[in-house]
Amino acid sequence: MFKSVLVANRGEIACRVFRTAKRMGIRTIAVYSEADAQALHVREADEAVLIGPAAARESYLDGAKVLAAAKATGAEAIHPGYGFLSENAEFAEAVAAAGLIWIGPDPASIRAMGLKDAAKELMIQAGVPVTPGYLGADQSEATLTAEAARIGYPVLIKAVAGGGGKGMKRVDDPADFAAGLASAKREGAAAFGDDRVLIERYITRPRHIEVQVFGDRHGDVVHLFERDCSLQRRHQKVIEEAPAPGMSEAVRAAVTGAAIKAAKAVNYVGAGTIEFIADASDGLKADGIWFMEMNTRLQVEHPVTESVTGVDLVEWQFRVAAGEPLPLKQDEIKLTGWAMEARLYAEDPANGFLPSIGRLEHFVMPDGIRVDTGVEQGGEVSQFYDPMIAKLIVHEDTREAAAARLAEAAGEVEVWPVKTNAGFLKLCLDHPRFVAGDVDTGFIAAEEGALQSVETAEATLAALTLIAEAAADAEAAGADRFSPWGGQPGLSYGVRLNAPAQTTVWAHVDGRGVSGGVTPVETGWRGVEGLMAQVGFDQVQAGERLFGYQVVDDGFVLFVDGEARRVTPYRAAIGAGAGALSDGSLRAPMPGKVVAAPVKVGDAVTKGQPVVVLEAMKMEHALTAPFDGVVESVASVGDQVVEAAVLAVVKAAD
């Protein structure tokens with residue numbers, strides 16, 4: 001076994017790999033960009049090396065810099081994590097050429113599975129079922145149009161080098177095929193430098209089922225059962241589970257057998273995942289599951305497989321890379337219980353899931369479950385990298401128990417002021433269709449209305465009831481006035497008692513003026529003194545609901561069901577805030593770089609017309625005119641801006 005490992009990655013996966021390495025007595029080495037100088041993975045490593053500026057292409061994607069760091073620190077092996085260089089065959093070759101151990105599959109295997117069309121041709125030869133479609137070299141519009149008609153609509157056009165939903169277009173009507181093809185080609189060329197496409201039959205009720213496989217250099221390949229990753233938003237996984245709901249032993253044998261064939265077809269070594277698409281219109285059937293692609297690396301969702309098998313997959317990666325045989329034979333790998341994972345993202349579901357960045361002034365994860373994260377309280381969520389900040393993983397005896405525990409855990413997440421999708425996750429996990437196992441990749445889009453947070457009556461009144469009950473206790477204790485803001489000057493009228501039997505509450509909640517009359521109930525409170533005993537964080541019980549409480553600035557934040565609700569006095573001034581458009585100002589929703597300004601000063605614009613484009617967190621965000629008018633000012637392309645900076649001003653038309 002090697003004595004040291006460098007992880008060519010950052011954040012959560014770097015911390016995860018370090019955890020196993022330390023348990024095995026292996027020295028850990030981190031690399032980091034200037035933006036990550038204070039990151040958790042840097043502090044958890046035994047040694048860390050700065051490899052460049054914040055931009056990934058100048059740091060984490062620069063293989064030469066990573067190799068230089070490995071040489072400088074005496075690293076014996078390199079683990080790529082996932083993303084960045086993990087599926088880069090040239091980098092894997094460079095690692096081996098430098099005399100280091102590459103903790104991943106052979107470069108030839110990476111290349112064989114790197115292009116979707118070539119991989120499918122290989123799978124056909126290996127006897128692995130693939131989705132009906134067209135994989136040919138003739139990329140003329142006439143041929144592709146004819147093939148789509150042969151396959152039958154709806155069809156899915158996919159960039160052959162695609163991933164993450166880029167270069168993927170569903171077409172339902174032949175009249176829309178040309179436009180969909182042109183769009184897929186443009187996206188493929190822009191994202192991957194390759195505009196070639198393939199065409200597949202579109203499965204109307206698709207489920208995403210994948211099989212964890214593992215191979216060694218002694219000719220053995222095993223599977224570690226399946227995972228279901230059907231709960232997705234815009235082709236990105238949200239919640240994963242193992243085993244797959246509704247999976248019979250016969251269908252499991254078929255899909256895992258196909259996965260083994262696929263891995264052996266490329267002489268696979270190490271951890272990999274064979275992804276399948278299943279037709280869920282009439283339950284899972286052996287002849288209704290087809291190969292989609294192979295990920296030649298460790299998956300984000302690997303903890304659910306670890307939970308149901310009791311296997312540390314990173315340890316297996318280390319042992320196989322060191323030349324050891326697989327620790328277990330196929331018949332020794334057992335499936336126990338049910339595991340689920342939810343991806344916690346720094347994003348704002350109420351604002352189109354726009355990424356949210358900034359300092360984590362308050363960051364509390366649920367107790368009693370596995371939490372994999374690469375951030376901590378006081379750390380920063382950067383604009384430069386993926387917004388996933390944690391993974392919540394549970395393992396229970398049954399699926400129902402796992403879903404209930406994960407929903408509870410999502411509701412216990414407390415993050416401020418960075419926004420997260422915790423409340424959205426809880427709504428997904430509590431949804432009757434999900435609880436019943438009735439899921440497919442269109443679940444979130446179909447249930448969008450039910451997955452929106454309740455912003456008014458129920459949640460707001462629940463939060464304000466908490467304040468009112470504290471006020472009632474304060475009055476009973478002899479206080480003639482109660483302020484949940486700790487009696488700060490001018491802030492003592494957020495709660496007012498009109499009569500002993502009822503409390504009238506008014507305040508701003510998330511910037512909205514709200515008020516309501518509530519009747520205090522017995523909740524076990526011990527007066528306002530208990531509430532204000534801790535200036536920072538406190539836990540309080542209101543009926544059967546658990547609220548987190550955090551004092552901030554001129555008010556406080558209540559954490560309810562994964563949502564962070566800021567409560568301020570009703571009379572406090574509410575500022576315009578980032579992104580406010582009432583005065584025609586277009587403000588940056590987060591720090592970033594201006595990459596386009598399609599208008600200039602003096603131009604007439606119409607409501608909804610793009611005025612300036614901001615690049616942040618690997619995504620582009622177009623800010624549009626709030627009304628018809630004339631551009632009075634606009635930022636310059638290339639400007640680096642801070643959150644809430646005015647990027648443009650539009651004067652309303654007369």
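What follows is a set of questions and answers about a predicted model of a protein chain.

Visitor: How many helices and strands does the chain have?
Guide: Of the 654 residues of the chain in this predicted model, 54% count as buried, and its accessible surface comes to about 26800 Å², with 51% of that belonging to carbon and sulfur atoms. Among contacts between residues at least 6 apart in sequence, 63% join residues at least 24 apart. As for secondary structure, the chain has 17 helices and 38 strands.

Visitor: Which element supplies the largest share of the largest nonpolar core?
Guide: The largest nonpolar core has 59 residues, and Ile239, Met340 and Phe434 are those with the most contacts inside it. At least two residues each come from several elements, including strand 12, strand 15 (338-345), strand 22 (388-396) and helix 13. The largest share, six residues, comes from helix 12.

Visitor: How many residues are in the second, separate core?
Guide: This second core is separate from the one just described, and Val17, Ala30, Phe214 and Met388 are included in it. In soluble globular proteins, nonpolar side chains tend to be buried together. The number of residues in the second core is 32.

Visitor: Which residue of helix 13 or beyond, among those with the most contacts inside the largest core, does methionine 340 touch?
Guide: Setting aside residues up to four places away in sequence, methionine 340 touches a list of residues that includes Leu392, Ile393, Val394, Ala402, Ala403 and Leu406. The residues with the most contacts inside the largest core are Ile239, Met340 and Phe434. The name that also stands in the list of residues touched by methionine 340 is Phe434.

Visitor: Is strand 22 largely enclosed or largely open, and how many of its residues are buried?
Guide: Strand 15 is joined to strand 22 by eight bridges, the two running antiparallel, and in this pairing arginine 343 stands opposite lysine 391. Strand 20 (residues 370-373) also runs antiparallel to strand 22, through four bridges, with arginine 370 and isoleucine 393 as bridge partners. Strand 22 is largely enclosed by the rest of the structure, because the number of its nine residues that are buried is seven.

Visitor: What is the distance between the side chain of asparagine 421 and the backbone oxygen of arginine 343?
Guide: Asparagine 421 is placed in the loop between strand 23 and helix 13, yet it counts as buried because its relative accessibility is 2%, where the cut-off for buried is under 20%. Leaving aside neighbours within four places in sequence, asparagine 421 is in contact with Arg343, Leu344, Tyr345, Glu347 and Pro349. A polar atom of the asparagine 421 side chain lies from the backbone oxygen of arginine 343 at 3.1 Å.

Visitor: Which residue precedes proline 417 across a cis peptide bond?
Guide: Proline 417 lies in the loop between strand 23 (414-416) and helix 13 (422-430). The peptide bond leading into proline 417 is cis, with omega near -5°, and the residue on its other side is tryptophan 416.

Visitor: What is omega for the cis peptide bond that joins tyrosine 153 and proline 154?
Guide: Proline 154 is found in the loop between helix 7 (141-151) and strand 7 (155-163). For the cis bond that joins tyrosine 153 to proline 154, omega is about 0°.

Visitor: What is the relative accessible area of arginine 234?
Guide: Arginine 234 is found in the loop between strand 11 (221-233) and strand 12 (236-242), and its phi is near 55°, a positive value in a residue other than glycine. In that loop is also histidine 235, with phi near 70° and a relative accessible area of 45%, so that histidine 235 is partly exposed. Arginine 234 counts as exposed because its relative accessible area is 61%.

Visitor: How far apart are the end C-alpha atoms of helix 9?
Guide: The buried residues of helix 9, among them Val251, Val255, Ala258, Ala259 and Ala262, pack against helix 6 (116-126), strand 10 (206-215), strand 11, strand 13 (270-279) and strand 14 (289-295). Just after helix 9, asparagine 267 takes a positive phi of about 50°. At 1.5 Å a residue, the 17 residues of helix 9 (residues 249-265) should span 24 Å, which agrees with the distance between the end C-alpha atoms, 24 Å.

Visitor: Which strands are the edges of the open sheet in the order 31-38-36-33?
Guide: Four strands form this sheet, and the pairing is antiparallel. Within the sheet, five bridges join strand 36 (residues 629-634) to strand 38, where valine 630 has lysine 651 as its bridge partner. The edge strands, each pairing on one side only, are strand 31 (585-587) and strand 33 (604-605).

Notes
Residues numbered from 1 in each chain as written. Predicted model: local features only at pLDDT ≥ 70, side-chain atom pairs only at ≥ 80, totals over all residues. Heavy atoms only, no water. Buried < 20%, exposed > 50% of the residue type's maximum accessible area, 1.4 Å probe, protein only. Core = buried A, V, L, I, M, F, W, Y, C linked by side-chain atoms within 4.5 Å. Contact = heavy atoms within 4.5 Å. Areas by Shrake-Rupley, 256 points an atom, 1.4 Å probe, with all protein chains shown as cover. Expected span 1.5 Å × (residues − 1). Polar contact = N/O pair within 3.5 Å; in protein donor to acceptor, adjacent residues only side chain to side chain. Pairing = 2+ DSSP bridges.
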